[in-house]
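User: I'm new to this one and would like to get my bearings. Could you walk me through it?
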Amino acid sequence: MGMSGIQIFKLLPRTNCKDCGYPTCLAFAMQIAAGKEELAKCPHVAEDAKAKLAEDSAPPIRTVVLGAGDNQVKAGGEMVLFRHEKTFFNPTGLGVLLKDDNADEVNEGKLKRIMDLQYIRVGLNLRSELAAVKSTSGDAGKFKALVQMAMDKSDAALILMASDPAVMEAGIEVAKARKPMVYAMDNLDKMAELAKAASLPLAIKGENLEDTAEKAKKLKAAGFNDLVLDTGARTVRQLLDDNINVRRQALMAKNRDLGFPTIALPCEMTDDLMEETLIAGLMIPKYAGYVILSDLQGESLFPLLLERLNIYTDPQRPMKTEQGIYELNNPGPESPVLITCNFSLTYFIVSGELEACRVPCYLLVLDTDGLSVLTAWAAGKFVGDAVGPFVKKCGIEEKVTRKHLILPGATAVISGDVEEELGSDWEVKIGPREAAHLPAFLKQNYT
């Protein structure tokens, strides 16, 4: 775990020179311990102190990165067992298994679904990121061709799975630029040599947790740092136990031999995609770095993406939508204008109802620091002297000739203040209290 503020303070010059921007070295040390500052801001710290701090404060779970460019997939780097203690940082990578003895159209369909099954939510693109390419034929040519197909038809980060080092070498030759993971199904020593030569992360599979730890210890001593662990568990109970034990050993027992992310393969545990989905849903919070499914279907992938979003969202920070003007159903100058807060859940509920009713309208989203409408009103962030100036300055007046502003029904009390701020050019109306009643309200008054 990280060093305490006092431990960090002892490594600093303790001159209180203020060059770091803080009044004392102790104040600066406390900020470093809280993860809010970097030691580099102190220009006078000794090199040996930098080295010691880097070693002692490194995350107990090493961060491993697959992929290149915009589609890098990070795993590890976690500091806590439970997200309410701090937060989880690197979302579980979700992927699909490709086999080189499958028909081309089967693998092409899976790759197409990687690219097609993408969902925009709270301003984020939710999608699967991985393709695990497995040699089941033992033919280097077939494996190489499938890796090339995955490169050509998707932007997925790749996991190369093979038992034969010659087959693996053929795959690495094609995919090296995308920085794939080498998953050693067998011949660990040879696979490790290939991974090291290409500077690629290495996944190791043990017979059990103890065997996996021993292999990791051996490789770590040989200079391998970017490791991913597969404990060999292929039952739900054992996989869950192993994932929890790996995390506990790394965080609580400070066992560096197990301080690496794990990979779970529900695709090897059942032939039922929905059962795979349930297993994956269990592994996302407990604590898989990568999860590989046999296929991707919207009805199974979308719930996993939402679960992952919820688990890896900082629980201490509300999810916010960007402030601005949102055009729904191709509005024109005669369309009504509605306003709401920028709490993401509120925005998506309101915008969803407005889109479904197909009445052209403008939706203004006011920055309330991610608070819901009533909470924002109580905090003084959704009141007349906030709403009025925002409407005047946001640019909506240039888009509409019929200036009707519809307030959420729960904030009717601010209507007078809003009218005073906007002046006689605008007519302020009170909408329904529930978003579900917006379609009927708009159809009755604006169609």
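Analyst: One term first: a cavity is a set of grid points where a 1.4 Å probe fits but cannot get out, and its lining residues have an atom within 4 Å of a point. Please keep in mind that this is a predicted model.

User: OK, so how many cavities of 30 Å³ or more does a search of the whole structure find?
Analyst: The search finds two cavities of that size. The largest holds about 120 Å³ of space, while the second largest holds about 50 Å³.

User: Which residues line the second largest one?
Analyst: Its lining is made up of L12, N16, C17, K18, C20, T24, C25, F28 and C42, and by class these divide into six nonpolar, two polar and one charged.

User: And what lies nearest the centre of the largest cavity?
Analyst: Of the 15 residues that line the largest cavity, I61, R247, P261, T262 and Y287 lie nearest its centre. Helix 9 gives the most to this lining, with three residues, and the lining as a whole has eight nonpolar, five polar and two charged residues.

User: Switching topic: where is L258 found?
Analyst: L258 sits in the loop that runs between helix 9 (236–251) and strand 11 (263–264).

User: Is L258 buried or exposed?
Analyst: L258 is buried, because its relative accessible area is 3%, and buried means under 20%.

User: What does L258 touch, leaving out residues up to four places away in sequence?
Analyst: With those left out, L258 touches L209, A213, L229, V246, Q249 and A250. As for V228, it is 30 residues from L258 in sequence, yet their C-alpha atoms are 9.5 Å apart in space.

Technical notes:
Residues are numbered from 1 along each chain as its sequence is written. This is a predicted model: local features need pLDDT of at least 70, side-chain atom pairs count only at pLDDT 80 or more; totals for chains, interfaces and linings use all residues. Side-chain values use heavy atoms; hydrogens and water are left out. Helices (H or I, at least four residues) and strands (E, at least two) are DSSP runs, numbered from the N terminus. Buried means under 20% relative accessible area, exposed over 50%, partly exposed in between (1.4 Å probe, protein chains only). Contact means heavy atoms within 4.5 Å. On a 1 Å grid over the protein atoms alone, a cavity is a set of points where a 1.4 Å probe fits but cannot get out, and a pocket is an open set with protein on both sides within 12 Å along at least five of seven lines; lining residues have an atom within 4 Å of a point. Grid points are joined across faces, edges and corners, and a volume is the space filled by probe spheres set on the points. Ala, Val, Leu, Ile, Met, Phe, Trp, Tyr, Cys and Pro count as nonpolar, Asp, Glu, Lys and Arg as charged, and the others, Gly among them, as polar.
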